[in-house]
Amino acid sequence: MSWTSLLPLAIVLSSLVPGLIIFTLREEQQRLRVTLNLAGVALKVVLVAAMLIGVSDGLTFRFSLPFLPGAPLVLQGDALSLLFVTLSTVLWLATTVYAIGYLEDSPLRSRFFGYFSLCVSATVGLALAGNLVTFLLFYELLTLATFPLVVHRGTPESLRAGRVYLAYTVGGGTLVLMGVALLHALAGSPDFQPGGYLDGLVEERGPSLRVAFALLVLGLGVKAALIPLHGWLPKAMVAPAPVSALLHAVAVVKTGAFGIVRVVYDVYGAEAMEALALARPLLWLAAATILFGSLRALQQSELKRRLAYSTVSQVSYITLGVALLGPLAVVGGLVHLAHQGLMKVTLFYCAGNFAETLGVHRIREMNGIGRRMPLTMTAFTVGALGMIGVPPIAGFISKWYLGSGALEVGQDWVLLVLLGSALLNAAYFLPLVWRGWFATPADWHADNWAGERWETHWLLLLPVVFTALASVLVGILAGTAISPLGWARLIVDREFPR
Amino acid sequence: MNAALLSLFAPLAGGLLLVLWRPARAGLALGVALVSLLAAAAALHQVADGTRQWLEVGGWAPPLAIRLQLTPLSALLLLFTAGLHLLVAVYAARRPHAIGGADFWPLACLLHAALAALWLSADLFNLYVTLELLGLAAVALVALAGEKAQRPALDYLLLSLAGSLAYLLGVAILYGRYGVLDLFLLGEQATADAPTRLALLLMTLGLMLKGALWPLHLWLPAAHSSAPAAVSALLSALVVKGPLYILWLLWTRLAPTELAVQAGPLLAGAGALALLAGGWAALRTPLLKSLVAYSTVAQLGYALLALGLAMHWQEPRLEAALWLFVVAHGLAKVSMFLAAGELQHTLGGKRVVTLKGASQTLPVTMFTFVTAGVSLIGLPPSGGFLAKWLLLQPLLERPQHWGWALAVVLGTLMSAAYVFRVVAHGFDRARPQPPQVRPDRFGQWLTLLPALLVFGLALIGERMLPWLEGVSR
Amino acid sequence: MSTPLFWLGVGCVLWLLGLHGLLTLRNAVRRIIAINLMGSGVFLVMVALAIRERPGDPVLVALVVTGLVVAVSATALALRLSGQLARARKGDA
């Protein structure tokens, strides 16, 4: 086996192996646990960087293991998978640091970090999955590995949320299973390929292909929180902040959106999507989710729930870009995968900092918080403005491409959706920014970090600053090849060969 | 064939010796299971390429002779039986609370021998005798649990006898009609006339009663949940598979194709309903072991569904799915019952709610339960998933068969619901139940072994699935 | 009506009676007797089939003998269990 075939496996194992070892550690082995975690992250960063260089030089990375007849387990690194792998890795790095600070002195840390690493492995494996069966395997693994994190606190409320979460995700997983099995029965399970592999079947098995598409999109739509399948996401916010940040703002919801990208472009392909008239319903669903999520976010009085509904809305931008089926719109959707991740994770870190430092959970308690925690509030402002789409922050780039993509394929009404959503975003984010900076400060009874040098624990502050800076930088540097935008264009060049 | 006979006679001799010679029970039983396992492996090696071997007992030629046959499938089942017996024996030697008394050892050996003889038999009357031996050994094992198990054991015995007598009446009718008992000679002669139909009906009902196939499963939950943990594991993983094997022989080897095609949807329908009814009951019951027992009823539904549809469409892939279900369920269920026993013993309560906080107090056992449960749900990459995948492929190829696939979906959701019902309690930190006795580390890891083996099946899936399709024909 | 046919009928009736008893009776000993009735029914059917020709079919006779052995041991186990059950009840009361 050459290094190009082992590299994808190594990337998955670099978080899986530390995770499994961490399970066996005792609570008090803090130092070893942190070392293992950081070593895994560092190794993964190096491996991913190597693969990024390789892929941009045109190398292909493919690892395969026999599994089912006609459907081996395949891990492969292509441009699209790397976008997601890189995002997960960078955010895993930030979130690990954050979680070490956040969970200091709380019980059951070995279990927490073990499952946390398993989740990252599942996400990365899912990103690298080279065919539908492999994708399915990691999709189910992700469900199993996130459940203990949702119920981590073990309170009745979190157990209820955990049940809801399982009901949705296991149901979704079963639909994906049926969709994958149906497509396998019709066409086997070849590797994902740009343009899809179902062209020969469109005439003959059209209805079956439509059913398979519906099964897959509904199943993936659970994790991507498309309406009416989004109900688990706000409930799952009872989990500890690092979990909400990485998993429910980024990893879990993005796996759904990423799966939809894979299914649309690498299984069905744009031509089959047109021929089967599948894109339009998906587009409508995405547009409806964008507006619905924003409207619901407006009604929430709790910060994390407002952010959760904002996620419902924002993740559907990705689906929207994909469903428009035009190159520019796809660039917008893909780049939003990375941009939304950076911005939303920032916002969730901030929410976690507010809750951890001052016990602030509700929006009306945020009055004047900017004077007590200026750095966190600055980061929050950057994230919020980015979500609204203020240049030069990352969110602006995505919306620009989505808008021009919609015009390119003649779906002008999508502009109205984007505009409406931007207004709604402003309506639910700007009051928070205003409160934070300009309202009269409240009296924080639970200020458990008063009189220290920094406004909160430095391990909680560092990731916030890092991701906020990154959100600005990827916007400013969007023109360069190494930015998410540059990479998204590379993907689209390969997906839409002209 | 000699290896297969060794695999059969080792536990038989061991069982008889144990009755006579009391000391050193565990050691002898372990040795016997090990010998049987090695012999079964050798037998499988001999016939793995798809050959069959025959033995005519006493040298008589058919139709008078009693024939034993060794097929790749029966060799696989021999290996499976011996492997699970060895594992349970090691566990039982280590954890005496799980067996209910020293009489466990000879009875377990006899059970093993009866099963081995069943897999090797090829004539209807021989199958009857092995079936009866199996039933008697199983009942005696259930009764080991003491007073609380006597009522379920008696019910089990009487219903099991009724099932056998229905089967025997069918055998008598077939013999009266054709004058032979050998399965394959009967298969050549059988026509779809009234006596044959009646005989097949009686035998099928009898076997369904003995195999606890829905709707004749009512005795199973009480018997399996009141037995000692090691016995429950053997009963759920192995004993109910015996009648299923005979049912499969009857309908694929003996019955005229025309009848099999007609009867298929009835069996498949019973299987689909078993999935739903068993799953629902598992979801409602307050007791941990009866949850696991109802899950057996549900999981047998998958096997029955596969059998019925295999008969209806004459589809070898579904027969392979049937055997994969049997193996995957057996392994997962051994883990699950032993884990349930371990949880019950350590936490000192029978109800599902006593598992509160078990993910902290007994993490390994809880992990075992989940791992086995994941295979029962059929999530990748477990053996349960392979079986379900194999079952789904022929169902999904034609839209007119999608109704059956819907039953599989519902079954999956139900099993996920009852498995996670247990898991959710394990994560409850509100008022955790403290362990009554110190958990046993070796026992905990041992129960995990079969659950890991189910996942190991995924590694050989690519070669095993076509092999199973080949040998089920 | 020929003799084999007569015994065949009797066997079937006994089997059905036994089944009926098993399903309707509650008392353990009665149910054990019902099971034995079913068994006798099957054996009668076999004997009836064996005497269709002269001399009788040895295979069937062998089957009946084996079947009787099995039935006796099963009955012994059942009686033992029901005895224990009755004792346990008395102990409770």
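**Exercise 1. The hairpin of chain A**

How many residues lie between strand 1 of chain A and strand 2 of chain A in their hairpin, and which residue in the turn has a positive phi?

*Solution.* Start with the conventions. The model is predicted: local features need pLDDT of at least 70, side-chain atom pairs count only at pLDDT 80 or more, and totals for chains, interfaces and linings use all residues. Residues are numbered from 1 along each chain as its sequence is written, chains are lettered from A and ligands numbered from 1 in the order written, and side-chain values use heavy atoms, without hydrogens and water.

Step 1. Locate the strands. Strand 1 of chain A covers residues 61–68, and strand 2 of chain A covers residues 71–77. Strands (E, at least two residues) and helices (H or I, at least four) are DSSP runs, numbered from the N terminus.

Step 2. Check the pairing. The two strands run antiparallel over six bridges; pairing requires at least two DSSP bridges. Leu65(A) stands opposite Leu73(A) of strand 2.

Step 3. Read the turn. Two residues separate the strands of the hairpin. Gly70(A) in the turn has a positive phi of about 80°.

**Exercise 2. Two domains in chain B**

Describe how domain 1 of chain B meets domain 2 of chain B.

*Solution.*

Step 1. Set the bounds. Domain 1 of chain B spans 1–122 and domain 2 spans 123–472; such bounds come from an automatic or database domain assignment. Their centres, taken over C-alpha atoms, are 20 Å apart.

Step 2. Count the contacts (heavy atoms within 4.5 Å). Domain 1 of chain B brings 41 residues and domain 2 brings 53.

Step 3. Take the area. The size of an interface is often given as the accessible area lost when the parts come together. Here the buried area (accessible area, 1.4 Å probe, lost by two parts on being put together, summed over both) is about 4,200 Å², with 76% from carbon and sulfur atoms.

Step 4. Find the salt bridges (a Lys or Arg side-chain nitrogen within 4 Å of an Asp or Glu carboxyl oxygen). Two link the domains of chain B. In one of them, Arg95(B) joins Glu342(B), with the closest N and O atoms 2.8 Å apart.

Step 5. Name the elements on the domain 1 side. Strand 2 (66–70), helix 3 (72–94) and helix 4 (104–120) of chain B each give two or more residues. Helix 3 of chain B gives the most, 14 residues. By class, that side has 29 nonpolar, seven polar and five charged residues. Ala, Val, Leu, Ile, Met, Phe, Trp, Tyr, Cys and Pro count as nonpolar, Asp, Glu, Lys and Arg as charged, and the others, Gly among them, as polar.

**Exercise 3. Chain C against chain B**

Work out which parts of chain C touch chain B.

*Solution.*

Step 1. Count the residues in contact. Chain C supplies 32 and chain B supplies 28.

Step 2. Take the area. About 2,700 Å² is buried between chain C and chain B, and carbon and sulfur atoms give 80% of this. In chain C, Trp15(C), Leu81(C) and Leu85(C) lose the most area to chain B, together 19% of what that side buries.

Step 3. Look for charge pairs. Chain C and chain B share one salt bridge. Arg31(C) and Asp155(B) meet in a salt bridge at 3.1 Å, N to O.

Step 4. Assign the elements. Helix 1 (3–24), helix 2 (28–50) and helix 3 (58–92) of chain C each give two or more residues to the side touching chain B. Helix 3 of chain C has the largest share, 16 residues. That side of chain C divides into 21 nonpolar, six polar and five charged residues.
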